[in-house]
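Biologist: I am new to this structure and would love a guided tour of a single part. Could you pick one place where helices pack together and take me through it closely, along with what lies around it?

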Amino acid sequence: MSNEDWTRRSLNAVWHPCTQMRHHAGGGALPLLPILRGEGAWLYDFEGRRYLDGISSWWTNLFGHANPRINAALREQLERLEHVMLAGFTHQGAIELAERLSALTDGALGHAFYASDGASAVEIALKMSFHYWLNRGEHKKNRFLCLEGSYHGETVGALAVTDVALFRDAYAPLVRQAEIVPTPDARRAVSGESAVDVARRAAFGLEAKLRAEEGRVAALIVEPLVQGASGMAMHDPEYLRLARALCDRYGAHLICDEIAVGFGRAGTFFAHEEAGIRPDLLCLSKGISGGYLPLSVVLCRDGIYQAFYDEDIRRGFLHSHSYTGNALACSAALATLDIFAEDDVLNANRVRAEKLYASLASLAEHPAVSHLRARGMICAFDVKSEDPDFSRRFYRAALAREVLLRPIGNTVYLMPPYIVSDEEIGQLGRATKEALAEALAAV
């Protein structure tokens with residue numbers, strides 16, 4: 001069957017996520033791509049055309065499609081156990097993954113609570129924080145703080161700490177909105193300010209809110225170093241250091257949402273490590289399984305776990321998902337951690353990240369480009385364009401050059417798998433510049 005046949009069938013049967021379906025229909029503004037297979041950094045359609053996956057399939061794929069080592073781990077696991085419920089049962093993969101993730105925090109965070117996706121992990125962390133204070137008898141601590149421009153998922157609880165109007169506003173009547181505190185986004189610097197200055201200014205705003213709401217704030221939730229969905233807004237680690245100290249001072253939890261930036265994406269294995277701190281609750285997903293299977297986890301400090309440990313079932317954490325701690329997903333995650341351990345990935349990524357940034361460096365002088373920036377294996381820049389169709393024009397122009405890039409509004413970003421070669425990095429850079437020129441010229 002042709003791409004056109006598969007597209008027609010999908011449009012008749014599948015409601016695609018994060019999309020206005022009208023844009024897909026009838027050869028619309030956003031073409032639907034049927035994919036047959038993946039190999040390494042490439043995706044292939046049903047007619048043999050290929051696309052370099054410059055966004056790691058929504059930031060999930062770390063070590064390439066059809067990775068031989070992850071494939072082998074899944075085949076072995078499939079012969080032993082595909083799934084067993086984690087309520088009243090346990091299995092090797094869930095145990096070993098929890099142990100290894102805790103060890104990667106030097107034992108500061110443990111007792112992994114599993115779920116299937118990032119938004120669910122955020123819901124879990126918010127509920128854990130609230131219920132912790134409830135179990136402690138501090139009933140007034142039921143408010144949450146989040147950063148201006150923050151994004152933490154699209155379930156109702158996660159929307160409460162999301163400050164992106166496109167996702168939040170339609171559901172506002174359903175949402176108990178969190179308090180918004182200033183973003184440390186380095187792009188907010190005024191004349192003479194550094195990224196550190198912006199971070200400190202944002203922390204002053206955080207302190208003012210914590211002081212005003214003292215005794216009522218359960219937790220602050222942050223995306224460490226990079227606020228993804230608000231345009232890859234990057235901030236200095238100083239903000240995390242100050243936020244940690246302020247949460248300690250005012251008796252609030254610090255939740256780090258590392259769903260997009262964990263597992264080496266922002267440079268260090270966990271993004272918060274760049275600041276030399278640990279959160280109280282850590283949300284992980286996306287790259288945790290190497291991009292293979294739905295899996296998320298919340299790690300917490302032992303004091304939080306102990307607050308639920310009781311004979312009274314009402315003091316327990318009764319949250320549950322049918323596929324919590326799925327054995328196949330845990331197997332993929334363990335294979336992913338093995339690759340990190342065996343291949344010195346973080347050091348190799350430092351070299352790769354420099355080459356990725358160098359491939360775009362000339363755009364710093366482009367009159368329509370501002371804020372060319374990088375953090376680990378993420379590069380981004382903003383485009384000065386009044387064209388409401390810019391992102392779709394750019395997307396189509398990049399596809400024509402065999403590259404998959406999906407701008408967030410007027411922010412173009414590159415977030416490729418960690419196995420991308422020098423030649424592929426060069427192609428990403430060239431295609432980005434050419435697609436930019438075509439998208440701007442079309443207006």
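Modeller: Gladly! Let us begin with a term: a helix axis here is a line fitted to C-alpha atoms, over the stretch in contact, and the angle between two axes runs from 0 to 180 degrees between their N-to-C directions. Please keep in mind that this is a predicted model.

Our place is the packing of helix α3, residues 68-78, on helix α11, residues 327-343. Their axes lie 9 Å apart and make an angle of about 145°. The two helices cross in a right-handed way. On the α3 side, the contact is made by Arg69, Ile70, Ala73, Leu74, Gln77 and Leu78. Helix α11 brings Ala327, Leu328, Ser331, Ala332, Ala335, Thr336, Ile339, Glu342 and Asp343 to the contact. Sorted by kind, the residues where α3 meets α11 are 9 nonpolar, 3 polar and 3 charged.

Helix α11 also leads us to another helix, α4. The buried residues of α4 are covered by several elements, including β4 (110-115), β11 (281-284), β12 (296-300) and α11. Helix α4 itself runs over residues 92-103, 12 residues in total. From first C-alpha to last it reaches 16 Å, close to the 16 Å expected at 1.5 Å a residue. Which of its residues are buried? They are Gly93, Ala94, Leu97, Leu101 and Ser102. These buried residues sit on the same side of α4, because they cover an arc of only 155° around the axis. Turn to the other side of α4 and you find Glu99 and Ala103, which are exposed.

Now let us follow the chain past the end of α11. Asp344 sits in the loop between α11 and α12. Most residues other than glycine have a negative phi. Asp344, which is not a glycine, has a positive phi, near 50°. Is this residue buried or exposed? Asp344 counts as partly exposed because its relative accessibility is 45%, and partly exposed covers the range between under 20% for buried and over 50% for exposed.

After this loop comes helix α12, residues 345-358. Its 14 residues should span 20 Å at 1.5 Å a residue, and its end C-alpha atoms are 20 Å apart, so the two values agree. Val345, Asn349, Arg352, Ala353 and Leu356 are the buried residues of α12. They pack against α11, β14 (378-383), β16 (411-414) and α14 (422-441), so here we meet α11 again as a partner.

Val345 also gives us a link to a place outside this region. Its C-alpha atom is 31 Å from that of Leu33, and the two residues are 312 apart along the chain. Leu33 belongs to the loop between α1 (3-13) and β1 (35-39). With a relative accessible area of 27%, Leu33 is partly exposed. Leaving aside neighbours within four places in sequence, Leu33 is in contact with Tyr51, Tyr395 and Leu399.

To bring the tour back to where it began: α3 and α11 form the right-handed crossing, α11 is among the elements that cover the buried residues of α4, and the buried residues of α12 pack against α11 too.

Technical notes: Residues are numbered from 1 along each chain as its sequence is written. This is a predicted model: local features need pLDDT of at least 70, side-chain atom pairs count only at pLDDT 80 or more; totals for chains, interfaces and linings use all residues. Side-chain values use heavy atoms; hydrogens and water are left out. Helices (H or I, at least four residues) and strands (E, at least two) are DSSP runs, numbered from the N terminus. A crossing is left-handed if the near helix is turned anticlockwise from the far one by less than a right angle, and right-handed if clockwise. Contact means heavy atoms within 4.5 Å. Ala, Val, Leu, Ile, Met, Phe, Trp, Tyr, Cys and Pro count as nonpolar, Asp, Glu, Lys and Arg as charged, and the others, Gly among them, as polar. The expected span of a helix is 1.5 Å times one less than its number of residues. Buried means under 20% relative accessible area, exposed over 50%, partly exposed in between (1.4 Å probe, protein chains only). The arc is that of the directions from the helix axis to the C-beta atoms.
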